[in-house]
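Trainee: Hi! I have a new model open on my screen and no idea where to begin. Could you walk me through it?

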Amino acid sequence: MYYPRKNNIIHKFFSWYIQFIVDKDFAAFNYENVALKKDVSVLVLANHFSWWDGFLIFYINKKVFKKQFHVLVNAENYKKVGFLKYLGAFAAEHSGKDVLETLNYAGTLLDNPENLVLVFPQGKLYSNHLKNISFEKGVMQMINSSQKKINVVFAATFIDFFSKRKASAYTYLQNWENEEYISLQLLKSAYNKHYDNSVVKQTQITE
């Protein structure tokens, strides 16, 4: 598998650069704060519709969660976007056994309360206008390979222009108070309830 790499200079630069381009390229970036259990890692499950998605959650982590950022990406993006590995990106190099190793690695990351792991459960990019978010099975493998002492945070992001030349981004967050038993169906259902509620909030915005 492809692991994250450490380089404090590169990380510091791109941490600044991501905040710079988000502030520069969006008219506004609106997001919520959520109360989390202390001394517990964070697993963020987010919809995936654009190039911006990981950077927006990175920005929120810097402002709100303040954890060591990690994100599961595909091998193509890991290799193509060279600096991602220095921002905590990791990926499966091959299919099959390597995917399982990668998901188990994500579980070990979640056992460290200093860490945040971002996962896009859809597995690939979809339109921002979907009515339902699909979940790949690997999400549960990752959770089950951890000690399950996790803050599970749902993130639903939408972009609208309204009257401005630049778009505004909106990320709705929910700290899901999960039960001891977690199934893929339960997780998917809870996330999509949050997603539906977020769509309602988004459609109520006017200028």
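Mentor: Happy to! Let's begin with a word we will need: a residue counts as buried when its relative accessible area is under 20%, and as exposed when that area is over 50%. Also keep in mind that this is a predicted model.

Trainee: Got it. So how many residues of α2 are buried?

Mentor: Ten of the 13 residues of α2 are buried, so this helix is largely enclosed by the rest of the structure. The buried ones are Asp53, Phe55, Leu56, Ile57, Phe58, Tyr59, Ile60, Asn61, Val64 and Phe65.

Trainee: What happens just after α2?

Mentor: There you meet lysine 66, whose phi is positive, at about 55 degrees.

Trainee: Back to the helix. At what angle do α1 and α2 pack?

Mentor: The angle is about 105 degrees, and the two axes are 10 Å apart. Angles from 65 to 115 degrees count as roughly perpendicular, so α1 is roughly perpendicular to α2.

Trainee: Which residues make that contact?

Mentor: On the α1 side you have His11, Ser15, Trp16, Ile18, Gln19, Val22 and Asp23. From α2 come Phe55, Leu56, Phe58, Tyr59, Lys62 and Lys63. Sorted by class, the contact of α1 with α2 has seven nonpolar, three polar and three charged residues.

Trainee: Let me zoom in on tyrosine 59. Is it buried or exposed?

Mentor: Tyrosine 59 counts as buried because its relative accessibility is 9%, under the 20% cut-off.

Trainee: And what does tyrosine 59 touch?

Mentor: Leaving out residues up to four places away in sequence, tyrosine 59 touches Gln19, Val22, Asp23, Phe29 and Tyr31. Take aspartate 23: it is 36 residues from tyrosine 59 in sequence, and their C-alpha atoms are 10.0 Å apart in space.

Trainee: Nice. Changing topic: what is the volume of the largest pocket?

Mentor: About 930 Å³ of space lies in the largest pocket. Its lining has 37 residues, and Leu72, Val73, Asn74, Phe120 and Gly123 lie nearest the centre.

Trainee: Which elements supply the lining of the largest pocket?

Mentor: At least two residues each come from α2, β3, α3, α4 and α5. The largest share is four residues, and α2 provides it. By class, that lining has 22 nonpolar, ten polar and five charged residues.

Trainee: You listed valine 73 by the centre of that pocket. Where is valine 73 in the chain?

Mentor: Valine 73 sits in the loop between β3 and α3. With a relative accessible area of 17%, valine 73 is buried. Apart from residues up to four places away in sequence, valine 73 touches Tyr78, Ala89, Phe90 and Ala91. You can also find leucine 118, 45 residues away along the chain, with 9.3 Å between its C-alpha atom and that of valine 73.

Trainee: What about the second largest pocket, what is its volume?

Mentor: The second largest pocket has about 450 Å³. There are 21 residues in its lining, and those nearest the centre are His11, Gln68, Phe69, Tyr86 and Leu87. Each of α1, α2, β3 and α4 supplies at least two lining residues. The classes there are seven nonpolar, nine polar and five charged.

Trainee: And how many cavities of 30 Å³ or more are there?

Mentor: The structure holds one. The volume of the largest cavity is about 30 Å³, and its lining is Lys37, Ile150, Asn151, Asn175, Trp176, Glu177 and Asn178. Two or more of these residues come from each of β6 and β7. Two are nonpolar, three polar and two charged.

Trainee: Last topic: loops. What is phi for aspartate 39?

Mentor: Phi of aspartate 39 is near 60 degrees, which is a positive value in a residue other than glycine. Aspartate 39 lies in the loop between β1 and β2 and is exposed, at 70% relative accessible area.

Trainee: And where is phenylalanine 162?

Mentor: Phenylalanine 162 is in the loop between β6 and β7. Phi of phenylalanine 162 is positive too, near 55 degrees. At 35% relative accessibility, phenylalanine 162 counts as partly exposed.

Trainee: Thanks, now I know where to look!

Key: Residues are numbered from 1 along each chain as its sequence is written. This is a predicted model: local features need pLDDT of at least 70, side-chain atom pairs count only at pLDDT 80 or more; totals for chains, interfaces and linings use all residues. Side-chain values use heavy atoms; hydrogens and water are left out. On a 1 Å grid over the protein atoms alone, a cavity is a set of points where a 1.4 Å probe fits but cannot get out, and a pocket is an open set with protein on both sides within 12 Å along at least five of seven lines; lining residues have an atom within 4 Å of a point. Grid points are joined across faces, edges and corners, and a volume is the space filled by probe spheres set on the points. Ala, Val, Leu, Ile, Met, Phe, Trp, Tyr, Cys and Pro count as nonpolar, Asp, Glu, Lys and Arg as charged, and the others, Gly among them, as polar. Buried means under 20% relative accessible area, exposed over 50%, partly exposed in between (1.4 Å probe, protein chains only). Axes are lines fitted to C-alpha atoms, for helices over the stretch in contact, and angles run from 0 to 180 degrees between N-to-C directions. Angles under 35 degrees count as roughly parallel, over 145 as roughly antiparallel, 65 to 115 as roughly perpendicular and the rest as oblique. Contact means heavy atoms within 4.5 Å.
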